[in-house]
Amino acid sequence: SILATLKHPTIVNVINFFRANDTVYMVTEFHKGVDLQNYIKRHKGNLSEKLIRKVFTRLLDGLKDIHGKDLLHLDIKPGNIYLRAHGEPLLLDFGAVHQQQQSRKYQPGQVVTVGYSPIEQSMAGGYVGPWSDIYALGATMRSCIEGAAPPPAEKRRLNDTMRPAVEAFKKHYSHGLLAAIDWAMEVDPLHRPQNVDELLEAMNDPGKRDEKRHNGSVLERIASSLPWGKG
């Protein structure tokens, strides 16, 4: 399996596969630590910006490696991120991994996690890509601050009552981090960072977000023809 070829410090190492009980099991390395979901619950969110930046900068580096092999994780959420000693993250559960399609083709049987999966992942005709993992990662970063999963993307598409992070959490976090989270969590996939590098740039330089959004005017022209672009 191509999963066994993914070798990165933030990606769990798959040692073997075997079939049993009409399914396929993955054997992975054992690591000591705690999953991010429990860590968030224990601290009621409010994780420090230093920890968030450390964890997610490393995860984005691993995600770039995954996307570089034309793979998509498609189930990034706090429960699939493991924190080892010194806050070193590990991305788990590659059961939802898909090969990236080169056309706008719906991929059936996709895992959908309420609050973390983007709109295109649950819609017929939705075109998933690196931007889909980026939404889930942005939602996971927001949950590290807020202490709970964001509203479902389907609900946000109909009536988005979620306060922008730059407004809700500005007292305790930098504008750069919060603006990057808001950009990653745009409901319309065309309005998000299209790849890992764009999100990393935005986290470190908030001006990059507006620059990239202005440069996306060509993509805007086709937005109205897509399922999520219709009222």
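**Exercise 1. The largest cavity**

Work out how much space lies in the largest cavity of this predicted model, and describe its lining by residue and by class.

*Solution.* Start with the volume: about 30 Å³ of space lies in the largest cavity. Next, count the cavities that reach 30 Å³ or more; there is one. Now list the lining, which consists of L36, L47, L51, I52, V55, F56, L83 and C144. Sort these by class, and you get eight nonpolar residues, with no polar and no charged ones. Finally, ask which helix gives the most to this lining. The answer is helix α2, residues 49-68, with four residues.

**Exercise 2. The chain as a whole**

Find how many helices and strands the chain has, then describe its burial, contacts and surface.

*Solution.* Begin with secondary structure: the chain holds nine helices and seven strands. Then turn to burial, where 47% of the 231 residues count as buried. For the contacts, take those with a separation of 6 or more; residues 24 or more positions apart account for 66% of them. Last comes the surface: the accessible area of the chain is about 11,500 Å², and carbon and sulfur atoms own 51% of it.

**Exercise 3. Helix α3 and what follows**

Compare the span of helix α3 with its expected value, decide how enclosed the helix is, and follow the chain past its end.

*Solution.* Helix α3 covers residues 130-146, which is 17 residues. From first C-alpha to last it reaches 24 Å, close to the 24 Å expected at 1.5 Å a residue. For burial, 16 of the 17 residues of α3 are buried, so the helix is largely enclosed by the rest of the structure. Step just past α3 and you meet G147, with a positive phi of about 90°.

A148 sits in the loop between α3 and α4 (153-158). Is A148 buried, partly exposed or exposed? Its relative accessible area is 39%, and the partly exposed class lies between 20% and 50%, so A148 is partly exposed. Leaving aside residues up to four places away in sequence, A148 touches Y116 and S143. The C-alpha atoms of A148 and G45 are 7.3 Å apart, although 103 residues separate the two in sequence.

**Exercise 4. Positive phi outside glycine**

Examine K44 and D70, giving the phi of each, the loop it lies in and its exposure.

*Solution.* First, the background: most residues other than glycine have a negative phi. Now take K44, whose phi is near 55°, a positive value. K44 lies in the loop between α1 (36-43) and α2. With a relative accessible area of 65%, K44 passes the cut-off of over 50% and is therefore exposed.

Then move to D70, which is not a glycine either and has a positive phi of about 60°. D70 belongs to the loop between α2 and β4. At 36% relative accessibility, D70 counts as partly exposed.

**Exercise 5. Two loop residues and their distant partners**

Place H73 and N195 in their loops, classify each by accessibility, and give the C-alpha separation from a residue far along the chain.

*Solution.* H73 is found in the loop between β4 (71-72) and β5 (81-83). Its relative accessibility is 0%, and the buried class is under 20%, so H73 is buried. Looking along the chain, H73 and G129 are 56 residues apart, while their C-alpha atoms are separated by 9.6 Å.

N195 is found in the loop between α6 (175-184) and α7 (196-204). With a relative accessible area of 32%, N195 is partly exposed. Along the chain, N195 and L60 are 135 residues apart, and 9.8 Å separates their C-alpha atoms.

Conventions. Residues are numbered from 1 along each chain as its sequence is written. This is a predicted model: local features need pLDDT of at least 70, side-chain atom pairs count only at pLDDT 80 or more; totals for chains, interfaces and linings use all residues. Side-chain values use heavy atoms; hydrogens and water are left out. Helices (H or I, at least four residues) and strands (E, at least two) are DSSP runs, numbered from the N terminus. Buried means under 20% relative accessible area, exposed over 50%, partly exposed in between (1.4 Å probe, protein chains only). Contact means heavy atoms within 4.5 Å. Accessible areas come from the Shrake-Rupley method with a 1.4 Å probe; for residues, only the protein chains shown count as cover. The expected span of a helix is 1.5 Å times one less than its number of residues. On a 1 Å grid over the protein atoms alone, a cavity is a set of points where a 1.4 Å probe fits but cannot get out, and a pocket is an open set with protein on both sides within 12 Å along at least five of seven lines; lining residues have an atom within 4 Å of a point. Grid points are joined across faces, edges and corners, and a volume is the space filled by probe spheres set on the points. Ala, Val, Leu, Ile, Met, Phe, Trp, Tyr, Cys and Pro count as nonpolar, Asp, Glu, Lys and Arg as charged, and the others, Gly among them, as polar.
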